[in-house]
Amino acid sequence: MPNLQVNLATLAHRDLGPLGMNRYGSCPLLRYDFNTDSPPLPLRSMVGYLVSLIVLTAIYALFSLGLNLHWGFTGLINFGHAAFLAIGAYTTVLLSLAGVPIGLAALAGGALAALLGLAIGVSTLRLREDYLAIVTIGVSELIRLMALNEEWLTKGSFGVQGYDLPLADFRPTVATRIGMIAILGAIAALSGWRLWQWMVRRLRGVDRAQLGQTALVLAGYVASLVVLFSGIGMTSRALKLANTLPGGVLILLLLGAIVAVGWLYGWIARRLIIPKLPHWEAGAVLLSTIALSAFGFWIFGVSAVALYNYRENPSRNGLMFLALITVAVTFWALERLVRSPWGRVLKAIREDEQVAKALGKNVFAYKLQSLMIGGFIAGWRGVSGLAVEYGISAQFRDANHL
Amino acid sequence: MNDTTTIPILPVLSAAGLVKSFGGVVAVNEAAIEVVPGSITGLIGPNGAGKTTLFNLLSNFIHPDRGRVIFDGEPIQNLPPHEITQRGMVRTFQVARVLSRLSVLENMLLAAQQQTGENFWSTWFLGGRIAKEEREARDRAMEILASIGLVEKAQDYAGGLSGGQRKLLEIARALMTRPKLILLDEPAAGVNPTLIHQICEYIGDRNRQGMSFLIIEHNMDVIMSLCDRVYVLAEGSNLAVGTPSEIQTNPNVLEAYLGQ
Ligand SMILES: Nc1ncnc2c1ncn2[C@@H]1O[C@H](COP(=O)(O)OP(=O)(O)OP(=O)(O)O)[C@@H](O)[C@H]1O
Ligand SMILES: [Mg+2]
């Protein structure tokens with residue numbers, strides 16, 4: 001079975017800067033001849049790297065969406081979200097290894113994660129809210145240690161390997177590939193439209209000329225900040241390579257520089273930008289809209305190229321396709337939920353659960369539902385065993401220390 | 001008005017033998033109270049007499065050590081607070097509690113009962129019905145907000161309301177649940193005199209439409225002008241009960257209020 005092995009570390013050595021530029025400052029993506037079957041090597045690895053990055057981003061996006069339902073909308077303090085992810089991922093992968101179709105296995109992963117939410121909720125939600133935090137830390141640590149040390153089922157720290165990836169044997173025709181690209185295009189267009197609406201709403205009634213000025217100033221502010229920070233990064237790397245200063249001093253210098261820059265820019269923002277630019281918020285809206293749409297367009301571009309060259313690495317490209325769709329569907333579903341009267345009850349519980357109770361809402365039941373749905377989202381890998389693929393133990397550990 | 005000394009009809013709320021102690025403090029001690037349907041009943045007493053605690057016991061926000069509470073002919077002392085609200089008895093808080101990061105209108109919409117859209121599965125399949133219910137609830141909410149003078153604030157965050165406005169929102173929200181009986185904990189505290197007058201009129205209006213009220217209040221004008229019957233609580237126990245004028249002339253009550 002083709003097994004996705006993306007080594008981010010080796011790929012990162014290829015000197016690929018932002019936007020996929022190579023060291024000569026040109027973007028191979030733009031020069032890519034779509035008719036050749038085998039694109040030049042640097043491009044292949046670049047797209048591969050970017051695709052892996054997209055998949056990774058999608059995993060974390062799903063992870064945060066579930067967590068946001070808990071913390072952001074219901075006010076449930078959950079420190080062990082990684083436990084849901086781990087349960088879901090292991091269930092999905094192990095079931096699919098046992099021959100269960102991948103879609104069903106993913107559903108089962110989500111369901112089991114939801115059950116974990118139910119178990120945690122039933123045991124702690126009637127107590128003071130600190131207990132939920134404590135128990136989630138405990139459970140997630142428990143699951144991590146079990147998965148890491150258990151050899152028979154989860155294969156300990158090696159992680160499970162060699163299972164089918166979804167769509168790994170899928171060999172789409174040109175028409176199918178174009179269809180897949182069109183689906184992503186539709187998602188991108190829809191997101192772009194929503195972004196546009198948001199911007200228009202936020203910019204209503206702001207003078208155009210003033211807005212342009214503000215946006216330019218803010219762009220300069222952000223750009224100079226980025227330049228300063230990368231300067232600090234490069235200098236400290238050079239200093240480290242030169243090996244003249246002891247490590248402790250270097251770290252102090254680095255910290256000092258970061259604090260100084262942060263303080264200076266904080267001061268500029270507080271003293272100059274906010275008081276002098278009455279529409280700085282509108283400027284920020286405009287800037288972030290531009291940045292977000294550029295980013296979205298870029299993601300769409302990369303994924304379209306990757307999908308067109310599906311055969312380059314079917315499992316990885318298939319994974320990306322499924323991951324993007326899963327994120328889009330989950331996001332849409334959650335938006336719809338939190339805007340519904342159901343979501344209003346969650347927000348009320350976050351604000352003051354005594355009021356929710358006094359107004360006849362079954363607070364306990366809603367908290368349970370929130371825990372289960374958030375867990376389901378984290379556990380529902382939609383795409384098979386992503387977490388394991390990217391080294392579940394390491395990711396899990398990071399996520400645990402979030 | 002009915003003869004208030006004998007109660008010919010079943011009370012909408014009746015509680016007897018309620019006891020609650022916090023550590024050594026007996027906050028409520030063998031308290032009893034009855035609310036006749038369609039009446040406005042007052043509950044007064046010095047600070048720390050146990051009035052708010054009694055409300056908490058009636059609505060089961062705090063579980064009583066002993067005693068019975070009967071609402072609408074059925075015992076409710078073992079029901080969770082939200083079910084008591086669903087049955088038609090809603091309480092407000094002495095220190096107004098608003099949902100700060102929700103708009104005033106959303107605060108109101110939350111109070112609507114039996115909303116299809118509050119069921120997780122329905123949100124997916126019953127979009128049309130939910131939209132219709134939301135429209136109806138919105139109209140009703142705006143009506144109540146208008147009558148209480150908060151309509152311009154409907155779209156603002158409730159966290160931005162002043163103390164008095166929060167108090168008003170608290171009352172409006174309780175009304176939004178379409179209750180049979182409302183327990184109001186000091187509705188006039190912190191509200192300016194013109195508005196107090198307006199609130200009183202509003203309560204009177206609702207009462208004529210058949211809603212019952214149980215009101216804790218230190219403002220005697222409010223009690224005198226609204227209430228059919230007044231209970232006096234002192235140190236957790238019933239001290240007196242009667243019409244406002246009877247209470248005003250009761251020497252025990254005067255003594256409790258003036259101390260010694
Ligand atoms: N949760 C609690 N823990 C400990 N003691 C409490 C608690 N709640 C109330 N008490 C005590 O019970 C007594 C009655 O308090 P309560 O709030 O019911 O008074 P009240 O009649 O509402 O007074 P006020 O008119 O000032 O609002 C007070 O002595 C108070 O200190
Ligand atoms: Mg009180």
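**Entry 1: ligand 1**

I began with the side chain of Thr53(B) in this predicted model. An N or O atom of that side chain lies 2.6 Å from an oxygen atom of ligand 1. I then examined Thr52(B), where a side-chain N or O atom is likewise placed 2.6 Å from an oxygen atom of the ligand. For Gly50(B) I noted a backbone contact instead: a polar backbone atom is 2.9 Å from a ligand oxygen. I also looked up the cover on ligand 1, and found that the protein covers 61% of the 640 Å² of accessible area that the ligand has on its own.

I next listed the residues around ligand 1; among them are Phe22(B), Ala27(B), Asn47(B), Lys51(B), Gln94(B), Glu186(B) and His218(B). Sorted by class, the shell holds three nonpolar, seven polar and two charged residues. Which helix gives the most to this shell? I found helix α1 of chain B, residues 51–58, with three residues.

**Entry 2: chain A against chain B**

I recorded a buried area of about 2500 Å² between chain A and chain B, with carbon and sulfur atoms giving 63% of it. On chain A, I noted that Arg344(A), Glu351(A) and Leu359(A) supply 27% of the area this chain buries against chain B, more than any other three residues. The contact draws 25 residues from chain A and 29 residues from chain B.

**Entry 3: helices α4 and α6 of chain A**

I turned to helix α4 (residues 81–97) and helix α6 (residues 129–149) of chain A, whose axes come within 8 Å and cross at roughly 35 degrees. From α4(A), the contact uses Ala83(A), Ala86(A), Ile87(A) and Tyr90(A). From α6(A), I listed Val139(A), Ser140(A), Ile143(A) and Ala147(A). By class, I noted seven nonpolar residues, one polar residue and no charged residues in this contact.

Note on methods:
Residues numbered from 1 in each chain as written. Chains lettered and ligands numbered in written order. Predicted model: local features only at pLDDT ≥ 70, side-chain atom pairs only at ≥ 80, totals over all residues. Heavy atoms only, no water. Axes fitted to C-alpha atoms, helices over the stretch in contact; angles between N-to-C directions. Helix = DSSP H or I, 4+ residues; strand = E, 2+ residues; numbered from the N terminus. Contact = heavy atoms within 4.5 Å. Nonpolar A, V, L, I, M, F, W, Y, C, P; charged D, E, K, R; others polar. Near = heavy atom within 4 Å. Polar contact = N/O pair within 3.5 Å; in protein donor to acceptor, adjacent residues only side chain to side chain. Areas by Shrake-Rupley, 256 points an atom, 1.4 Å probe, with all protein chains shown as cover. Buried area = accessible area lost by both parts, 1.4 Å probe.
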